[in-house]
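Me: Could you take a close look at the part of this protein around the ligand, and tell me how the surroundings fit in? Plain language is fine, I just want to follow along on the screen.

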Amino acid sequence: MICSLHEALRTLTCCPVLSLLACNPTRQRLGAGSALLQWGVELADSLSLPTRLEASPSGYGAYKKFGYEDIDVVDLKVTETWGVTNSAGSNWGANNAISLAGRAPDGVMRTVIMRRPAKDASV
Ligand SMILES: CC(C)(COP(=O)(O)OP(=O)(O)OC[C@H]1O[C@@H](n2cnc3c(N)ncnc32)[C@H](O)[C@@H]1OP(=O)(O)O)[C@@H](O)C(=O)NCCC(=O)NCCS
């Protein structure tokens, strides 16, 4: 019982959450997103805090590079719910977090819940 409570509190520890990160599409892949992420993870590390976020398909790769780990996936049944197909073949995140949840089926958009551990691993 004590172990469960301890685990729950550890899991629910208040920590910074990245709510939104976006660059103008004409200015992507120029390093702005990485610079902002660097600032955020350095701040978290200076406070020995873990951080969390929900990664869109296009943000997932960047977060992986900054040490974020897969926690869970949110598979949104876009085609079934709204009748929209990925006819343009854009990135719907099907290959993200495969080791955790397998490949997302066609017609599904996947976001990934991610956590970056605190620099001090005991937090
Ligand atoms: C995610 C995002 C903020 C990254 O910003 P950025 O300034 O383009 O990022 P950087 O130039 O620092 O690139 C860092 C990495 O991001 C990833 N990345 C950037 N743009 C990407 C795109 N359009 N598609 C897929 N990955 C992309 C790449 O892994 C890149 O590394 P690389 O050197 O291998 O290309 C930007 O792509 C964006 O605004 N996307 C749309 C909004 C969105 O989905 N935001 C995430 C919400 S969780």
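Reply: Let's start with the contacts: among those between residues at least 6 apart in sequence, 75% join residues at least 24 apart. Keep in mind that this is a predicted model. One pair to click on is glutamine 38 and phenylalanine 66, which sit 28 residues apart in sequence, yet their C-alpha atoms are 7.7 Å apart in space.

As for the overall layout, the protein has five helices and four strands. Read from the N terminus, the elements go α-β-α-β-α-β-α-α-β. Of the 123 residues in the protein, 18% are buried.

Now for the ligand. Its shell is made of 16 residues, and the closest are Gly33, Ser34, Gly59, Gly61 and Ala62. Two elements give two or more residues to that shell, namely α2 (32-46) and α3 (60-65). Which one gives the largest share? That would be α2, with three residues. In terms of chemistry, the shell splits into eight polar residues, seven nonpolar ones and one charged residue.

Since α2 came up, let's stay with that helix for a moment. Glutamine 38, the residue from the pair above, lies in α2. Is glutamine 38 buried or exposed? It counts as exposed, because it has 12 C-beta neighbours inside 10 Å, and the cut-off for exposed is 12 or fewer.

Next, have a look at the loops on either side of α2. The loop between β1 (17-18) and α2 holds arginine 29. Its backbone is worth a click: arginine 29 has a positive phi of about 65°, although it is not a glycine. Arginine 29 is also exposed, because there are 10 other C-beta atoms within 10 Å.

On the other side, the loop between α2 and β2 (51-55) contains serine 48. Here too you'll find a positive phi, about 55° for serine 48, and again the residue is not a glycine. How many C-beta neighbours does serine 48 have inside 10 Å? There are 12, so serine 48 counts as exposed.

So, to walk through it on your screen, begin at arginine 29 in the loop between β1 and α2, move on to α2, which gives three residues to the shell around the ligand, pass glutamine 38 in that helix, and finish at serine 48 in the loop between α2 and β2.

Note on methods: Residues are numbered from 1 along each chain as its sequence is written. This is a predicted model: local features need pLDDT of at least 70, side-chain atom pairs count only at pLDDT 80 or more; totals for chains, interfaces and linings use all residues. A residue is near a molecule or strand if its C-beta atom, placed from the backbone, lies within 6 Å of it. Ala, Val, Leu, Ile, Met, Phe, Trp, Tyr, Cys and Pro count as nonpolar, Asp, Glu, Lys and Arg as charged, and the others, Gly among them, as polar. A residue is buried if 20 or more other C-beta atoms lie within 10 Å of its own, exposed if 12 or fewer, and partly exposed in between; C-beta atoms are placed from the backbone. Two residues are in contact if their C-beta atoms, placed from the backbone, lie within 7 Å.
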